[in-house]
Amino acid sequence: MSTPATPPVLLGVSLKMYFGHHQTLRWAEQVGRLAARHPVTTSGAARLFVLPAFPAIVPVAAVLEGTGVAVGAQDIATEDSGPYTGEVGGPSLAEIGCAYAEVGHAERRRLYGEGDTVVAAKTAAALRNGLTPVLCVGERDRVAPDEAARRTVAETERLLYGLTGPVTVAYEPQWAIGAPEPASAEHITTVCAGLRGWLDAQPQHAGSTVIYGGSAGPGLLGRIAPAAGGLFLGRFAHDVAAVETILDELAVA
Ligand SMILES: O=C[C@H](O)COP(=O)(O)O
């Protein structure tokens with residue numbers, strides 16, 4: 001019997017609203033050059049995706065063409081078209097080359113009042129438009145790892161109820177976002193293993209991935225894999241040298 005192939009490590013970066021437009025393009029050019037030459041990405045052992053601000057998606061997709069780096073959006077409308085001022089719908093995102101759409105980030109929940117109903121509807125919108133939702137889940141306050149796992153699995157189950165398709169679940173404990181350092185390896189592996197176990201029992205979500213975000217950076221993945229199948233990076237990917245360090249770490253793992 002053959003051993004199942006190890007799935008590629010998934011490294012995502014959300015640029016949030018940190019960079020200006022031209023800075024975003026310069027950053028994307030550097031990431032594209034890195035991905036096109038690094039053995040970990042060229043071999044397919046790791047896959048990268050980036051989520052720029054909406055206006056940069058089209059030029060970033062052009063910059064990254066042929067590098068293997070996928071592009072996505074930081075948000076998606078619940079509806080596909082119609083009178084929804086300021087929103088961007090899944091069909092448009094798919095048309096401009098997005099492969100991913102982030103949903104449910106803690107900042108959107110906290111600052112823009114998005115609750116479970118909206119997050120679930122955005123997840124559904126991504127799936128029906130052929131985009132992989134990057135579904136952000138995680139407890140708001142610091143609790144023990146087992147309790148965090150229980151809450152996070154229940155949250156994921158609730159948000160994915162009735163939906164079908166592969167998802168990228170980004171475990172982001174809200175208290176670890178924008179912090180000096182990530183949650184502990186024990187905390188992350190307990191929750192990610194819980195998520196992995198739940199997903200593995202859901203054939204309708206075959207092909208799904210669990211990644212960790214929240215002050216993630218170099219030096220972390222080796223301590224949380226394989227429970228976490230990758231990282232969802234924020235600030236610590238602004239310096240492309242840090243992304244290269246993470247790829248280098250994978251090369252020697
Ligand atoms: O979207 C990414 C996460 O919220 C992590 O951001 P951060 O690494 O800057 O804390």
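## Exercises: a barrel and its helices

In this predicted model, 8 strands close into a barrel with parallel pairing, in the order S1-S2-S3-S4-S5-S6-S7-S8. Neighbouring strands of this sheet are turned against each other by 25° on average, direction ignored.

### Exercise 1: two paired strands

Find how many bridges join strand S4 to strand S5, and which residue in S5 stands opposite valine 103.

**Solution.**
- Step 1. Locate the strands: S4 covers residues 100–103 and S5 covers residues 132–137.
- Step 2. Count the bridges: 4 of them join S4 to S5, and the two strands run parallel.
- Step 3. Look across from valine 103: leucine 135 in S5 stands opposite.

### Exercise 2: helices on the sheet

State which strands helix H3 and helix H7 touch, and give an angle for each helix.

**Solution.**
- Step 1. Take H3, residues 57–64: this helix packs on the sheet and touches S2 (46–51) and S3 (70–73).
- Step 2. Compare directions: H3 makes about 170° with S3.
- Step 3. Take H7, residues 145–159: this helix also packs on the sheet, touching S5 and S6 (168–171).
- Step 4. Compare directions again: H7 makes about 140° with S5.

### Exercise 3: H1 against H3

Decide whether H1 and H3 are roughly parallel or roughly antiparallel, and list the residues in their contact.

**Solution.**
- Step 1. Read the geometry: the axes come within 9 Å and cross at roughly 25°.
- Step 2. Apply the cut-off: angles under 35 degrees count as roughly parallel. H1 and H3 are therefore roughly parallel to each other.
- Step 3. Give the handedness: H1 passes H3 in a right-handed crossing.
- Step 4. List the contact: H1 brings His21, Thr24, Leu25, Ala28, Glu29 and Gly32, while H3 brings Pro59, Val60, Val63 and Leu64.
- Step 5. Sort by class: this contact of H1 with H3 has 6 nonpolar, 3 polar and 1 charged residues.

### Exercise 4: H1 against H10

Describe how H1 packs with H10, from the angle to the classes of residue in the contact.

**Solution.**
- Step 1. Place the helices: H1 spans residues 21–37, and H10 spans residues 240–252.
- Step 2. Read the geometry: they pack at an angle of about 20°, with axes 10 Å apart. That makes H1 roughly parallel to H10.
- Step 3. Give the handedness: the crossing of H1 past H10 is right-handed.
- Step 4. Name the partners: Trp27, Gln30, Val31, Leu34 and Arg37 in H1 meet Val240, Val243, Glu244 and Leu247 in H10.
- Step 5. Sort by class: the contact of H1 with H10 divides into 6 nonpolar, 1 polar and 2 charged residues.

Terms used
Residues are numbered from 1 along each chain as its sequence is written. This is a predicted model: local features need pLDDT of at least 70, side-chain atom pairs count only at pLDDT 80 or more; totals for chains, interfaces and linings use all residues. Side-chain values use heavy atoms; hydrogens and water are left out. Axes are lines fitted to C-alpha atoms, for helices over the stretch in contact, and angles run from 0 to 180 degrees between N-to-C directions. Angles under 35 degrees count as roughly parallel, over 145 as roughly antiparallel, 65 to 115 as roughly perpendicular and the rest as oblique. A crossing is left-handed if the near helix is turned anticlockwise from the far one by less than a right angle, and right-handed if clockwise. Contact means heavy atoms within 4.5 Å. Ala, Val, Leu, Ile, Met, Phe, Trp, Tyr, Cys and Pro count as nonpolar, Asp, Glu, Lys and Arg as charged, and the others, Gly among them, as polar. Two strands pair if DSSP finds at least two bridges between them.
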